[in-house]
Structure formats: structure tokens, C-alpha cells
Amino acid sequence: MNSSHKPQIIDLILDDLQQAFKGAMHAADQAHSAATDDQSVAETQYDTLAIEAAYLAHGQSQRVAECLADINAYDQLKATLPKSLDEIVLGCLVHLLDEDDMEKWIFFGPAAGGIKLKLNNHEVVVVTPSSPIGEALLGLTLGEEAEVHIGGRVVFYEVEAIY
């Protein structure tokens, strides 16, 4: 893989985020309908169905806003992909090798960490700067090694390529 794959990776991420947005919109619409339905009106002082439905509608609306923010972040990133590949920064595609010579491909994104994509028979995982691996890799250069603390164990990755 190389730098020319980055716009394709972002398009795949955006497709995934658009699906999440559609699901969140549907859930928010349903939650709003439930909150405003005549059946949700409290019949006694102990009837909390309307309050619960309103909380759910609010939470779903927040999820919609988060999805939109993620989509906007990737739209902006696509327009400003880094040209210099001297160090790992937002928008980089990075090829790593662990201590067992197992390869790992990551895409450094602004949001939606954990999304897994398949490209050219390689799994690419979206990583954000706030994740343990993201914190360890940010700013590293070709050939440097990262020490990543995950679930009580330490994994070492060597930076094989930065695209």
C-alpha cells in the first residue's frame, strides 16, 4: 500500500460513518416519537415512561451530532492530507511490525478509532491520537520503535513505513 490509498481509506471510513449516521438518525426519530407519543403521558406521579423516553431521545440526538462531527472531521482531513511523511501525524497510513514480525496497518484519523477496513488484502485499523497506540506512535519517524501498554501488557511496534 502507499499514499495513493489514503483517499480511498477515508472514503471507506466515511461510508462507515454515513451508515452509523443513518442508524443514529433512525434511532433518534423513533426515540423522539416515543417521547412525544400520547401513550408516554404520565398517568401517576410514579410513571416515568415520558421522562425515560425524553432522556433516550436526548441521548440519540447527541449520537447524531457526534456522527456529524466525525464525518466533518474526515471531510476536512481529506482536503488537507499531509504531504510530508517524515513523522507520524494525523492522516498518515502507517505500516508497523511487532516483536513477532506480525504486520499491522493503521490509519491515523481524527475520530472513529477502532473502525477496521479491508484494503488490498490488508486490514487497516483506524487509530486516534488519544488511544494508547496513537499516543505511543504520534511523532515517531521511520525505523523508530513504540512501546504500547494495552491491558496490562506491553507490545513493541517498529515503524516500517509512513505514507
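Start with the sheet: select the strands of this predicted model and you'll find 6 of them forming an open sheet, in the order 3-4-2-1-6-5, with mixed pairing. Now colour strand 3 (116-119) and strand 5 (145-150): these are the edge strands, and each pairs on one side only. Look across the sheet, and neighbouring strands are turned by 40 degrees against each other on average, ignoring direction. If you're wondering what links strands like these, they pair through backbone hydrogen bonds, either parallel or antiparallel.

**Stop one: strand 3 and its neighbour**

Keep strand 3 selected and add residues 122-127, which make up strand 4. Strand 3 and strand 4 pair in the antiparallel sense, over 4 bridges. Which residue in strand 4 is the bridge partner of Lys118? Click on Glu123, and you've got it.

**Stop two: the other edge**

Hop over to strand 5 and add strand 6, residues 153-162. This pair is antiparallel too, with 6 bridges. Pick His149 and look straight across: Val154 in strand 6 stands opposite. Then zoom in on the hairpin of strand 5 and strand 6, where 2 residues sit between the strands. Gly151 in this hairpin takes a positive phi near 55 degrees.

**Stop three: over to a helix**

Leave the sheet and select residues 6-36, which form helix 1, then find His32 in that helix. Is His32 buried, exposed or partly exposed? It counts as partly exposed, because its relative accessibility is 49% and exposed means over 50%. Finally, show Ala54 as well: His32 and Ala54 are 22 residues apart in sequence, and their C-alpha atoms are 7.2 Å apart in space.

Notes
Residues numbered from 1 in each chain as written. Predicted model: local features only at pLDDT ≥ 70, side-chain atom pairs only at ≥ 80, totals over all residues. Heavy atoms only, no water. Pairing = 2+ DSSP bridges. Axes fitted to C-alpha atoms, helices over the stretch in contact; angles between N-to-C directions. Buried < 20%, exposed > 50% of the residue type's maximum accessible area, 1.4 Å probe, protein only.
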